[in-house]
Each structure stands twice: as C-alpha cells, then as structure tokens.
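I opened the notebook today to look at one helix and its surroundings, and then at the enclosed spaces. My entries follow in the order in which I looked things up.

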Amino acid sequence: MIVISGTENAVILSVQDLNIKFTLRGQVLHAIRGVSLDVYQGESLAIVGESGSGKSVFVKSFMGLLDGNGFIDGGHILYNNMDLTQNRSNKDWLKIRGKEIAMVLQDPMTSLNPLKNIGSQILEAVELHRGLRGPAAYQAVLEVLRDVGIDEPERRYKQYPHEFSGGMRQRVVIAIAVACRPKILICDEPTTALDVTIQAQILELIKAMQKKYALTTIYITHDLGVVANVADRIAVMYAGDIIEVGSCDEVFYDPRHPYTWALLSSLPQLGVKGKALYAIQGTPPNLFHEVRGDAFAPRNPQALRIDFLERPPFFQVSPTHKARTWLLDPRAPKVEPPEHIRILREEGVNRFGN
C-alpha cells in the first residue's frame with residue numbers, strides 16, 4: 001500500500017523480475033533486465049530516462065505490443081488476478097488492450113487513420129470496448145469529444161485528422177483512449193512536438209481525465225519538466241533497469257543514484273549564464289552484451305570498484321524511496337553529490353522545511 005493524496009492506494013499492477021529480449025541479426029538484446037515495479041491505484045507514475053533506456057518497451061509489454069522479434073524471457077506482470085506474461089494470442093490481449101489498459105502514443109498524426117473521420121475512429125473504440133451501438137454510441141463519442149475540450153463536437157465528428165492542429169489531434173488520441181474506459185492510461189511522450197503552451201494544456205487535460213474517469217496514469221518521458229507537473233512518483237530507468245524510485249519530491253530534491261544526479265544536472269534551468277550546460281559523458285552500455293555490475297559505472301566519475309563487479313541491490317532511503325546504488329551501502333565511503341544536486345536539495349529544504 002502507498003499513501004497518495006491522503007488515502008491508502010492498493011497495487012493495481014505489479015511487475016516482478018521482468019526480462020524482455022529481442023533477437024536481431026542472430027544476436028539477442030536484453031532490453032529489460034529483471035525489472036520489478038508496483039503501480040498503485042489512482043496514482044500518476046512517471047518513468048524517466050534517456051532515449052533507449054527501455055521505457056517504452058517496458059510499458060508496451062503490459063499490452064502485448066512488443067515487436068515481432070521481442071519476447072518475455074521471465075518474470076510476471078500481475079493485473080486483476082491475471083499474469084499477463086501468460087497471454088499468447090491476440091484474443092487474450094484484446095481483453096486487456098484498450099478496455100483495461102490504454103495508451104496515448106507520442107505521434108498523434110501516425111496514430112490516427114488519415115482516411116477516416118475522427119468520429120468514426122472514436123466510435124470504433126466505443127463499440128468494441130463498451131458494447132454501445134447506434135445513437136447511444138454516437139452520444140458517447142460526442143461526450144468524450146466535449147470532455148477533451150473539442151468544441152462543436154457534432155461538426156468535428158465528421159472532420160479528418162488533417163483538418164486538426166497538432167494539439168487538437170493529440171486531444172483526439174486521448175479521446176480514443178479514455179472512450180474505452182480503461183483502468184490504466186499510459187501516456188508515451190504525450191507532449192512531443194507540441195509548443196510549450198499546448199504542452200501545458202495537454203497535461204492539464206490528462207490530469208482532468210484522470211480525475212473524471214478515476215484513471216491510474218503512467219507517463220513515459222525524458223522531459224523532467226513534464227514530470228514535475230504531473231507525477232506523484234518517479235521511476236528512473238537506465239539500460240533496461242529501474243535504478244531509483246521515489247515520490248516526485250524525493251527524486252527531485254533528494255536523489256541518491258549517480259545517474260539521477262546526472263539526469264537532473266542536465267536540466268537547462270540549472271545552467272549558469274556563460275558556462276557550458278552539463279552533459280553526461282560517454283554512452284549507455286551495449287545490451288547485446290552482458291552487463292556486469294552497475295550499468296552506469298563506466299560513465300560515473302564517482303564509481304566505486306564494486307560498481308564494476310556486482311549489480312547493486314535496492315537500498316531503502318525511506319518507505320517510498322529506494323535506489324540501486326552501492327553508495328547507499330553502510331560500508332561505502334561518503335560521496336558528495338554534484339553542485340547542481342546540492343542546489344536542488346537546498347531548494348527542497350527551503351520549500352518543505354526538512
């Protein structure tokens with residue numbers, strides 16, 4: 001159980017020791033490496049990390065959307081007394097996909113069929129997952145169009161995707177997802193390619209939809225600015241592994257893993273005029289090869305010898321905060337975080353008084 005907005009929330013989805021691999025040109029890529037994570041009813045969870053860290057692959061496995069060369073090689077995804085890793089057919093996944101877990105993809109133009117009007121695309125979801133037909137289905141489509149802030153829904157119903165702006169197309173994609181009445185809504189980079197003003201509107205819209213439809217939301221993003229506005233909790237991913245989990249305030253103002261330090265230090269707003277922006281040196285490991293120790297060790301200037309030898313376990317920082325780093329071992333030497341992180345911590349102390 002976890003406390004969110006003053007109430008105790010139960011686990012709605014539990015991932016346990018999940019391993020996902022892909023075969024490519026005769027080689028095997030270990031994309032998700034023994035990840036465990038609980039998602040709580042009604043929360044907003046943000047999964048953050050560099051491009052290629054495994055964020056999208058991880059959540060697509062919840063819906064059976066892995067590419068044809070991908071497969072689950074161990075672990076469990078437990079939802080509603082079912083182990084989703086045991087689903088074998090598209091028929092099995094149709095009971096989950098859309099109806100129970102829905103997804104807002106990052107490019108609304110490629111998510112919509114340019115040959116169909118937007119009303120018929122939402123109608124398809126309503127008919128398939130809610131069993132409505134005729135006037136009842138039509139009214140349900142108009143209702144969800146109003147919910148996502150599209151005026152004159154009767155007229156807009158008949159229009160095609162090319163007649164909508166980027167922000168309006170994203171609203172339509174959100175409408176298709178929530179029209180299914182899912183329990184979990186996954187938002188994969190929902191503000192990509194939108195200007196700052198429209199980004200804020202889309203995020204506020206998703207928050208409104210979460211409240212109205214009692215959704216549990218999972219955001220996939222590399223934009224930490226998005227995270228600050230929407231997340232109750234943050235899970236930081238690196239090289240196919242979750243390396244830190246905590247509340248939004250804990251991860252922003254008291255991060256413990258060196259990769260989280262580096263990610264936060266890269267925020268443009270922490271830059272100093274006249275000085276080069278911070279950048280993480282090196283590149284992520286090649287996941288075609290076995291990763292030994294802490295995957296971030298080769299890029300970590302504070303790495304310990306053991307980081308190159310053994311994968312660290314999770315160390316508990318607080319009841320809601322844990323990090324997979326040897327620096328939290330009681331035997332480890334004291335390593336001070338970078339200057340940017342000390343600034344963030346001071347900001348947190350000033351803000352929360354602790």
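I began with what packs over helix 4, and I found that its buried residues (buried means under 20% relative accessible area with a 1.4 Å probe, protein chains only) are covered by elements including helix 2 (90–94), helix 5 (134–147), helix 6 (153–157) and helix 7 (166–179). I note that this is a predicted model, in which local features need pLDDT of at least 70 and side-chain atom pairs count only at pLDDT 80 or more, while totals for chains, interfaces and linings use all residues. Residues are numbered from 1 along each chain as its sequence is written, and side-chain values use heavy atoms, with hydrogens and water left out.

I then listed the buried residues of helix 4, which are Ile-118, Gly-119, Gln-121, Ile-122, Leu-123, Ala-125, Val-126 and His-129. Helices here are DSSP runs of H or I with at least four residues, numbered from the N terminus. Helix 4 takes in residues 118–130, and its reach of 18 Å from first C-alpha to last is close to the 18 Å expected at 1.5 Å a residue, where the expected span is 1.5 Å times one less than the number of residues. After helix 4 I came to Gly-131, which has a positive phi near 70°.

Next I turned to cavities, which are sets of points on a 1 Å grid over the protein atoms alone where a 1.4 Å probe fits but cannot get out. I found two of 30 Å³ or more, and the largest holds about 60 Å³ of space. Its lining residues (an atom within 4 Å of a point) include Arg-33, His-257 and Arg-324.

Notes: Helix = DSSP H or I, 4+ residues; strand = E, 2+ residues; numbered from the N terminus. Buried < 20%, exposed > 50% of the residue type's maximum accessible area, 1.4 Å probe, protein only. Contact = heavy atoms within 4.5 Å. 1 Å grid on protein atoms, 1.4 Å probe; cavity = no way out; pocket = protein on both sides within 12 Å on 5 of 7 lines; lining within 4 Å. Points joined across faces, edges and corners; volume = space filled by probe spheres on them.
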